[in-house]
Amino acid sequence: MEYPYLMANRDTERTLAVFIDFENLAIGFKHRPGEFDIKKIQERLLEKGKVIVKKAYADWNEYHKYTHSLHEAAIELIEIPKRSMTGKNSADIRLAVDAMDLAWSKEHIDTFVVVSGDSDFTPLVSKLKENGKHVIGLGMKQSTSDLLANTCDEFIFYEDLEQPPPATPSPSVDSGVPKDKREVFDLLFESIAALLRENRDPIFASMVKDTMQRKRPSFNETGYGYRSFSHLLEDAQKRGFIKLRRSREAGGSYVVEGFV
C-alpha cells in the first residue's frame, strides 16, 4: 500500500548523478589560494536530493594528492591517461558517454550534475535536457564558460560554496534546551533552512527527515529520546522554534511552515 506522504515526497525529492571533470577544477585552483574541498560540493548537493552516482575523471597520477579525500567521499575515480597518449578530449568524451549511458539506462535518476566549466560539455547538457533530465552545473568562476553556465538549468559557482549560506532566519538553540538534544535541533534547523533555500513548498515532515539523514546518515530520532519523528517536530514547535500544520493532501502528515 502506498502512503500519501511517501508519494508526495517521492515526487519532490531529486535523485542525482554527479560527474566531475577534475582537471577543469584543478585549472581553476591554480590561480587562487586554498585547496579544493569536495565536502563543500557534497554538502550543497545533499540539499538538492539523494546522490546515487558519483564519478570523477582525471589522470590521477597527476592529481594523486586529492585521491584520498575523494575516496573518503565514496567517489569512483575514473583513470584517464595523459592527453599526449589518448588525444585532447579523452576525459570529456568518457564523461559524456557515461552520462548519456546512465540517462538512458536509469530512468529513476532525474538530475545530472556536471562539475566543470568547460564549454565542450554544452552539447551534453542540451542532450540530457532533451531526455527530460534536470541539469545542474558546478564550476570555478574563472574557468567556467558563460555558454555552459547559461545552458544548465542551474549553475553553482564553487566560490559561492566557500561563503556562508544565504541568511535564513532560524532559531538558535539556547541553554533552555537539554544538552543531549541541542545537536538534533541544530541538524533539524539546518535541514529546514536548506529546504527553504531550495524553495520547497510544501515542506513535508518526510522531506525534512530525508534531508537530515542525507546530511547525517546515522541520524535516528529515537537516539535522542523521541518515539517518532513527529514527536521531534512537536517538541520543536512546543519550544517555539518552528510552526507546523497538518496536510489534507498527504494523509494528515505534518508540514513545516517555517521558523517562528
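Which residue in strand 4 is the bridge partner of Ile-20? It's Val-115, and that pair is a handy way into this structure, which is a predicted model. Two sheets organise the tour: an open one of six strands with parallel pairing, and an open one of three strands with antiparallel pairing. Below, we go through each sheet and the helices that go with it, then stop at a few single residues.

**The six-stranded sheet**

- Reading across this open sheet, the strands come in the order 3-2-1-4-5-6, and their pairing is parallel.
- At the edges sit strand 3 (76-79) and strand 6 (154-157), each of which pairs on one side only.
- Going from one strand to the next, the twist averages 20°.
- Strand 1 and strand 4 run parallel and are joined by five bridges; the link between Ile-20 and Val-115 in strand 4 is a bridge pairing too.
- Helix 2 (residues 22-29) packs on this sheet, where it touches strand 1, strand 2 and strand 4. The direction of helix 2 makes about 65° with that of strand 1.

**Helix 3 and its buried face**

- Helix 3 covers residues 38-46, and Ile-38, Ile-41 and Leu-45 are buried there.
- Look down the axis of helix 3 and its buried residues fall within an arc of 65°, so they line one face of the helix.
- Here's the background to that pattern: an α-helix has 3.6 residues a turn, so residues three or four places apart point the same way.
- What do the buried residues of helix 3 pack against? Their partners are strand 1 (14-21), strand 2 (49-58), strand 4 (111-115) and strand 5 (134-139), along with helix 4 (67-72) and helix 9 (158-161).
- At the start of helix 3, Asp-37 gets involved: one of its side-chain oxygens reaches to within 3.0 Å of the backbone nitrogen of Lys-39.

**Helices 6 and 7, side by side**

- Helix 6 (residues 90-105) and helix 7 (residues 122-130) have axes that come within 11 Å and cross at roughly 0°.
- The two helices are therefore roughly parallel to each other.
- On the helix 6 side, the meeting residues are Leu-95, Ala-96, Ala-99, Met-100 and Ala-103. Helix 7 brings Leu-124, Lys-127 and Leu-128.

**The three-stranded sheet**

- This open sheet has the strand order 7-9-8, with antiparallel pairing.
- Its edge strands are strand 7 (203-204) and strand 8 (242-246), each pairing on one side only.
- Two bridges pair strand 7 with strand 9 (residues 254-259) in the antiparallel sense, and Ile-203 stands opposite Val-256 in strand 9.
- Helix 10 (residues 179-197) lies across strand 7, strand 8 and strand 9, and runs at about 90° to strand 9.

**Helices 11 and 12, crosswise**

- The axes of helix 11 (residues 205-215) and helix 12 (residues 229-238) also come within 11 Å, but these cross at roughly 100°.
- That crossing makes helix 11 roughly perpendicular to helix 12.
- Ala-205, Val-208, Lys-209 and Met-212 of helix 11 make the contact with Phe-229, Leu-232 and Leu-233 of helix 12.

**Two residues to click on**

- Asp-21 lies in strand 1. Is Asp-21 buried or exposed? With a relative accessible area of 5%, Asp-21 is buried.
- Leaving aside neighbours within four places in sequence, Asp-21 is in contact with Tyr-57, Asp-92, Leu-95, Val-115, Ser-116, Asp-118 and Phe-121.
- Ser-105 is in helix 6, and at 40% relative accessibility it counts as partly exposed.
- The side chain of Ser-105 reaches the backbone oxygen of Asp-101 at 2.8 Å.
- Ser-105 and Glu-79 are 26 residues apart along the chain, and their C-alpha atoms are separated by 23 Å.

**Backbone oddities**

- First, the general rule: most residues other than glycine have a negative phi, and most peptide bonds are trans.
- Ala-74 has a positive phi, near 60°, although it isn't a glycine. Ala-74 lies in the loop between helix 4 and strand 3 and is exposed, with a relative accessible area of 55%.
- Asn-199 isn't a glycine either, and has a positive phi of about 60°. Asn-199 is found in the loop between helix 10 and strand 7, exposed at a relative accessible area of 66%.
- Pro-202 is found in the loop between helix 10 and strand 7. A cis peptide bond, with omega about 0°, joins Asp-201 and Pro-202.

How values were computed
Residues are numbered from 1 along each chain as its sequence is written. This is a predicted model: local features need pLDDT of at least 70, side-chain atom pairs count only at pLDDT 80 or more; totals for chains, interfaces and linings use all residues. Side-chain values use heavy atoms; hydrogens and water are left out. Buried means under 20% relative accessible area, exposed over 50%, partly exposed in between (1.4 Å probe, protein chains only). Helices (H or I, at least four residues) and strands (E, at least two) are DSSP runs, numbered from the N terminus. The arc is that of the directions from the helix axis to the C-beta atoms. Contact means heavy atoms within 4.5 Å. A polar contact is a pair of N or O atoms within 3.5 Å; within protein, one must be able to donate a hydrogen and the other to accept it, and residues adjacent in sequence count only if both atoms are side-chain atoms. Two strands pair if DSSP finds at least two bridges between them. Axes are lines fitted to C-alpha atoms, for helices over the stretch in contact, and angles run from 0 to 180 degrees between N-to-C directions. Angles under 35 degrees count as roughly parallel, over 145 as roughly antiparallel, 65 to 115 as roughly perpendicular and the rest as oblique.
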